[in-house]
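Trainee: I would like a close look at a single part of this model, followed through step by step. Could you take me through one strand and what lies around it, and then through how the two chains meet?

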2 protein chains.
Amino acid sequence: MNNFFYQIPTEIYFGKGQIKQLGAAIKKYGHNVLLIYGGGSIKRNGLYQSIQNILEQNAMEAVELSGVEPNPRIETVRKGVALCRQHNVDVILAAGGGSTIDCAKVISAGARYKGDAWDLVVNSNLITDAIPILTVLTLAATGSEMDRFAVISNMDTNDKVGAFSPLFYPRVSILDPEYTFTVPKNQTAAGVADIMSHIFEHYFHQVKGAYIQDRLSEGLLKTCIHYGPVAYDQPDNYEARANLMWASSLAIDGITWRGNEVPPSVHPMEHQLSAYYDITHGAGLAILTPHWMQYVLNDQAVGKFAEYGINVWEIDAKLNPYEIANQAIQKTADFFVSLNLPATLREVGIGDEYFQVMAEKASKGLENAFYPLTAKDISAIYNASL
Amino acid sequence: MNNFFYQIPTEIYFGKGQIKQLGAAIKKYGHNVLLIYGGGSIKRNGLYQSIQNILEQNAMEAVELSGVEPNPRIETVRKGVALCRQHNVDVILAAGGGSTIDCAKVISAGARYKGDAWDLVVNSNLITDAIPILTVLTLAATGSEMDRFAVISNMDTNDKVGAFSPLFYPRVSILDPEYTFTVPKNQTAAGVADIMSHIFEHYFHQVKGAYIQDRLSEGLLKTCIHYGPVAYDQPDNYEARANLMWASSLAIDGITWRGNEVPPSVHPMEHQLSAYYDITHGAGLAILTPHWMQYVLNDQAVGKFAEYGINVWEIDAKLNPYEIANQAIQKTADFFVSLNLPATLREVGIGDEYFQVMAEKASKGLENAFYPLTAKDISAIYNASL
């Protein structure tokens, strides 16, 4: 096991009706609120009105930034920064999924930075101060509600870049599974793929003795496999929504990867897809993941894939390790298909026109991955995913 | 899944050589240090000298409280409180296992409380302020390094009582598995039993849909079962010590029980044993656990025990649930025996002389346990454990 640092300062209020904690929580940090949300689903499910009531009851000043994109853009961040400055915002409330929360994170730091917010995205070291952020989560997927990461897109340059800072941890996150009852089926499925991908990124490591991390990862993967189809078929199944929501947070908070950290592989490859085509992140991950698994399967990796097959998919341990590994990869692909996620890039309108440039960009940093990948390797995986 | 609140503010520095973080960490909180430790093992393994060097390099003032008992006593807490007042202590450093850390916690609050520290133990509501605590862990067992609990004994009244406060979370805990290389075999084994018991206490719940908590609990139990014997046989096996150390923290930090909290059963029963006989806590748990399991096994509980048998002990799922449950309980008992833990109360010098009074005391609060227990039930479990 590698040395690590672990701390999760975020306060989580989990469960039905926890919105009641919001007023007191905001008051601890400020009075001039910037409310950030996405396409307006929070108006349809009643959350927007609940928030308005709480802001009013607590006599708070609020400005709004709405319309945050599924892949949040730097232009939107800049709008938020301007609002913060104009209205002396001292606390930011993000009500939405990971995109909205990621956008809020960079706004929070951008408002306390003299230059352009994009500087902070490309150089996390410049993040030295930030407005406190609180979140109300409406989608189980990215884990942004309990982590220190944010991913922002710059469509002018086709860049999708991840920034990170301890200042990005939300101070408080309200996780009420009922707010995810209205998430459409395709977004529910994409969220499950995203959670599973966060786990895979570190589960396939070569760190000696990171046993505890592997067993916890398997527990979270089983949770996704068990409840993904339930939430897909019964959107208002509380039990399924609750398990997926908590899995989304725990998949990324560190218990699966502190001590066995490796650079992620499939996320950087997918970020290029959504930087060039603006597709749903989780859908891109579902397409690439089985092909990445197949590509990296070799004598060095087969033991780990067999472990995955036995412990997660309950494949007979007596079979040949390659047989177990191949079955496990097939089961992973079948699982995504069972959730009606796309299985090929063509299905989401992606051809091979940018493969070379995307592969070049994605390859940066992948030399230390579980299976080191060059631009050529990544290009091959893109091609296999066509 | 039940509603819950989750936050773990403690900063964890995990791994070899992390003691190098200690100086900077202490400085963040204070200058006048109270160093607390137990029987002197930290002098034998070099930790004491490392701490002295760090205190000296940082020109800190330090006073010491040594000799904290395995079941820390209120008299020792009072001594620590007096030292804090006398020397204007502004930061407490606990170097040891759970006993030392628990003692430090109550001292930290006692020093900021006008009355007697025992008041705080019996009424946690009185804990409103505390001196910051940092820890260097030397025993994988209680999880006190990352939780908000402390258990203190009053041998005059044969009371062993748990107190809790968010102020009890250590600010920083240094978890270097190498400091546990010198832990004697019997303490290593007792620590494993303690970690497993923390998991069992909540794993055996009847909360609907706490699936994720169950899978994470099983992952931690597997870790204990896998590495307990390795650490027992090879005290300096880093991998085993690291996995057990991180398991001790994660077993109690909330991922196994937030959302499915039930009052613990075996811990209150064991606390009576060590309040009357001062035995090793983990040894008492190892004795009682299999008998408690056998006693509560009924038609309502058998499903959960079968799940335990299948998922943790890999017992054939096709067997009759009672057969799986009974095999799982036997395997649990056998596992503790394999670590040379005592299997009967007589082996640790306990007769039936206080069973009635201990059972009466332990029964308080157990009416809401997984299997509600009356004093009569508890007495029966003590008798079965003779």
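Mentor: Begin in chain B of this predicted model, where B:Ile12 stands opposite B:Ser173, a residue of strand 8 of chain B. That pair belongs to a parallel pairing, in which strand 1 of chain B is joined to strand 8 of chain B, residues 172-175, over four bridges. Strand 1 of chain B, which covers residues 4-14, also pairs with strand 1 of chain A, here in the antiparallel sense and over seven bridges. Within this pairing between the chains, A:Ile8 has B:Ile8 as its bridge partner, while A:Phe5 has B:Tyr13 as its bridge partner in strand 1 of chain B.

From the strand we can step back to the contact as a whole, to which chain A contributes 36 residues and chain B contributes 36 residues. On the side of chain A that touches chain B, at least two residues come from each of strand 1 (4-14), helix 8 (211-233) and helix 9 (238-250) of chain A. Strand 1 of chain A gives the most to that side, with eleven residues. Sorted by class, the side of chain A that touches chain B holds 17 nonpolar, twelve polar and seven charged residues.

It is worth asking next how the two copies are placed with respect to each other. A turn of 180° with a shift of 0.0 Å along the axis lays chain A on chain B with an RMSD of 0.0 Å. The two copies are therefore related as by a two-fold rotation axis. The same surface serves both copies, since 100% of the contact residues of chain A recur in chain B.

For another strand with partners on either hand, turn to strand 4 of chain B, residues 91-96, which is mostly covered, with six of its six residues buried. The covering concerns both faces of strand 4 of chain B: B:Val91, B:Leu93 and B:Ala95 are buried on one side, and B:Ile92, B:Ala94 and B:Gly96 are buried on the other. Strand 2 of chain B, residues 32-37, runs parallel to strand 4 of chain B and pairs with it over five bridges, and B:Ala94 in strand 4 is the bridge partner of B:Ile36. Strand 4 of chain B is also joined by five bridges to strand 5 of chain B, residues 133-137, again in a parallel run, and there B:Ala95 stands opposite B:Val136.

A residue with another setting is B:Glu323, which is found in helix 13 of chain B, residues 321-338. B:Glu323 counts as partly exposed because it has 14 C-beta neighbours inside 10 Å, where 20 or more would be needed for a buried residue. Its C-alpha atom is separated by 10.0 Å from that of B:Phe305, which is 18 residues apart from B:Glu323 along the chain.

Finally, consider the fold of a whole chain, using chain A, which has 15 helices and eight strands. The radius of gyration of chain A is 20 Å, close to the 21 Å that the globule rule gives for 386 residues, so chain A is as compact as a globular protein of that length. Along its principal axes, the C-alpha trace of chain A spans about 65 × 40 × 40 Å. Buried residues make up 57% of the 386 residues in chain A, and of the contacts in chain A with a separation of 6 or more, 77% are between residues 24 or more positions apart.

Key. Residues are numbered from 1 along each chain as its sequence is written. Chains are lettered from A and ligands numbered from 1 in the order in which they are written. This is a predicted model: local features need pLDDT of at least 70, side-chain atom pairs count only at pLDDT 80 or more; totals for chains, interfaces and linings use all residues. Two residues are in contact if their C-beta atoms, placed from the backbone, lie within 7 Å. Ala, Val, Leu, Ile, Met, Phe, Trp, Tyr, Cys and Pro count as nonpolar, Asp, Glu, Lys and Arg as charged, and the others, Gly among them, as polar. Two strands pair if DSSP finds at least two bridges between them. A residue is buried if 20 or more other C-beta atoms lie within 10 Å of its own, exposed if 12 or fewer, and partly exposed in between; C-beta atoms are placed from the backbone. Copies are superposed by least squares on the C-alpha atoms of residues with pLDDT of at least 70 in both. The radius of gyration is taken over C-alpha atoms; the globule rule is 2.2 Å times the number of residues to the power 0.38.
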